[in-house]
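Student: Could you take me through a close look at one part of this model, the place where two helices pack against each other?

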Amino acid sequence: MADNASDNLPVFAIEKIYVKDLSLEVPNAPQIFLSRDTPQVGVQLRTEAGAIDDGVFEVKLTITVKATLSEDRTLFLVEATQAGIFRIQNAPEDELELILGIGCPNIIFPYARETISDAVTRAGFQPVLLTPVNFEALFQQSHQSGANSDLPVQ
């Protein structure tokens with residue numbers, strides 16, 4: 001009888017964290033490396049989640065970082081989609097959306113942050129260290145607007 005009770009317990013497990021897509025552009029190289037101007041850095045992020053099997057979900061966090069100079073020349077543009085496969089079973093339906101929209105992106109974010117920083121450094125620039133993100137606030141904001149659009153982060 002104890003086995004039947006344990007079959008209904010909630011399950012949350014990280015199956016895999018991985019880089020799904022990575023793109024880096026330095027369109028004005030090599031001349032851009034001679035500039036001493038301070039770049040303006042813009043960050044956009046987007047989350048997506050979907051079922052890939054019964055009780056198994058893929059959550060993707062896409063972060064785009066664009067650095068431009070005052071004369072509107074692009075220093076670099078990097079976009080990384082960091083993803084995770086999560087096993088979520090027996091979770092109440094009203095909590096599943098919160099887990100996928102807040103909990104899972106919080107787990108994925110440090111990996112995405114490292115991926116972005118590493119790509120920018122390998123391109124010859126100072127690392128971009130993304131500040132922590134409040135996924136709960138972004139989740140609420142996206143649901144109030146009724147869309148899962150790109151969200152600016154600063």
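Tutor: Before we begin, a helix axis here is a line fitted to the C-alpha atoms over the stretch in contact, and the angle between two axes runs from 0 to 180 degrees between their N-to-C directions. Two packed helices are described by the angle between their axes and the distance between the axes. In this structure, which is a predicted model, the axes of helix 2 (93-122) and helix 3 (residues 135-145) come within 9 Å and cross at roughly 140°. Because angles over 145 degrees would count as roughly antiparallel and 65 to 115 as roughly perpendicular, helix 2 is described as oblique to helix 3. The crossing of these two helices is also right-handed. On the side of helix 2, the contact is made by E97, L98, G101, I102, P105, N106 and F109, while helix 3 contributes F135, E136, F139 and H143. If you sort these contact residues by character, they divide into 6 nonpolar, 3 polar and 2 charged.

It also helps to look at what comes ahead of helix 2 in the chain, where N90 sits in the loop between strand 4 and helix 2. N90 has a positive phi of about 60°, although it is not a glycine, and at 38% relative accessibility it counts as partly exposed. Strand 4 itself covers residues 74-89, and T74 belongs to it. With a relative accessible area of 16%, T74 is buried, and, leaving aside residues up to four places away in sequence, T74 touches P27, N28, I32, K66, A67 and T68.

Notes: Residues are numbered from 1 along each chain as its sequence is written. This is a predicted model: local features need pLDDT of at least 70, side-chain atom pairs count only at pLDDT 80 or more; totals for chains, interfaces and linings use all residues. Side-chain values use heavy atoms; hydrogens and water are left out. Helices (H or I, at least four residues) and strands (E, at least two) are DSSP runs, numbered from the N terminus. Buried means under 20% relative accessible area, exposed over 50%, partly exposed in between (1.4 Å probe, protein chains only). Contact means heavy atoms within 4.5 Å. Angles under 35 degrees count as roughly parallel, over 145 as roughly antiparallel, 65 to 115 as roughly perpendicular and the rest as oblique. A crossing is left-handed if the near helix is turned anticlockwise from the far one by less than a right angle, and right-handed if clockwise. Ala, Val, Leu, Ile, Met, Phe, Trp, Tyr, Cys and Pro count as nonpolar, Asp, Glu, Lys and Arg as charged, and the others, Gly among them, as polar.
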